[in-house]
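Morning, everyone. I have one model to walk through today. Let me put it on the screen.

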Amino acid sequence: AEWQLGVARQLKNAHHASAALARGGWAQMTAQDQGRLGPRVKEQYHYLANFAAQIESGQQRLDGTFLRRVTLYTQAPRGTYHDYETRGKQEQGYTECRNELGAADHCEQCVGETARGWVPIGALVPIGQRLCLSNCRCSVIYR
């Protein structure tokens, strides 16, 4: 329980920091921005509770699969960053975007999203929701 509470606190802080970074700093975070974080963090808490229950029951082995799963939690705030970045770009008048592959092995979905070229904002499958989940190393370019 203590581990779960500590991880939950870190998850909340990381998602809030990622949103603030994408918005240009804490001072640029609006009440609406803060409110949109609630459901995202709550979803992470749900996943974490399931993970903790699986650890407690022994269903989740404490081996390499455990470490890979923990990594998904530590990388999940990247999706928050990209979501807030996209919203900010729309507010600034940007209308198109394209996926750019980062330095990594890529899932087929990221390769496919890149092949689409320039598309209207919102047309790409969001980073963090692709087959590679929070392991994605792509970025999005706007114009």
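Before the details, a contact here means heavy atoms within 4.5 Å. This is a predicted model, where local features need pLDDT of at least 70, side-chain atom pairs count only at pLDDT 80 or more, and totals for chains, interfaces and linings use all residues. Residues are numbered from 1 along each chain as its sequence is written, and side-chain values use heavy atoms, with hydrogens and water left out.

Start with the overall layout. The protein chain has 5 helices and 3 strands. Helices (H or I, at least four residues) and strands (E, at least two) are DSSP runs, numbered from the N terminus. Along the sequence the pattern reads α-α-α-α-β-α-β-β. The C-alpha atoms fill a box of roughly 50 × 35 × 20 Å along the principal axes.

Next, burial. I call a residue buried under 20% relative accessible area, exposed over 50%, and partly exposed in between, with a 1.4 Å probe and protein chains only. Of the 143 residues in the protein chain, 32% are buried. Among contacts with a separation of 6 or more, 64% come from residues 24 or more positions apart.

Now the core. A nonpolar core is a set of buried Ala, Val, Leu, Ile, Met, Phe, Trp, Tyr and Cys residues joined through side-chain atoms within 4.5 Å. Nonpolar side chains tend to be buried together in soluble globular proteins. Here the largest such core has 12 residues. Its cysteines are C97, C107, C110, C132, C136 and C138. The other members are V119, I121, L124, I127, V140 and Y142. Which residues does C132 touch, leaving out those up to four places away in sequence? C107 and C110. There is also a second, separate core of 6 residues, including A8, F51, F66 and Y73.

F66 and Y73 come up again in helix α3, where they are buried along with R69 and Q75. The cover over these buried residues includes α1 (2-23), α2 and α4. Helix α3 covers residues 64-75, 12 residues in total. The expected span of a helix is 1.5 Å times one less than its number of residues. For α3 that gives 16 Å, and the end C-alpha atoms are 17 Å apart, which agrees.

On to the sheet. Two strands pair if DSSP finds at least two bridges between them. The result is an open sheet of 3 strands, ordered β2-β1-β3, with antiparallel pairing. β2 and β3 are the edge strands, each pairing on one side only. β1 (residues 96-100) pairs with β2 (residues 119-120) over 2 bridges, and with β3 (residues 139-142) over 4 bridges. C97 of β1 stands opposite V119 in β2. C97 also stands opposite Y142 in β3. Further along, E100 has S139 in β3 as its bridge partner.

How do the side chains run along β1? They alternate. C97 and N99 point to one face and are buried. E96, R98 and E100 point to the other and are not.

Last topic, charge. Side chains of opposite charge can pair when their charged atoms come close. A salt bridge is a side-chain nitrogen of Lys or Arg within 4 Å of a carboxyl oxygen of Asp or Glu. By that rule there are 10.

D83 is the one to look at. Its side chain meets R40 at 2.9 Å, N to O. This pair links distant parts of the chain: D83 sits in helix α4 (residues 77-91), R40 in helix α2 (residues 31-57), 43 residues apart. D83 also bridges to R87 at 3.5 Å, N to O. Those two both lie in α4, 4 residues apart, about one turn of the helix. Relative accessibility is 23% for D83, 22% for R40 and 36% for R87. Each of these counts as partly exposed.

Another bridge joins E113 and R116, with the closest N and O atoms 3.2 Å apart. Which partner is buried, E113 or R116? E113, at 8% relative accessibility. R116 is partly exposed at 39%. Finally, salt bridges with shared partners join R23, D33, R36, R40, D83, R87 and E91 into one network.
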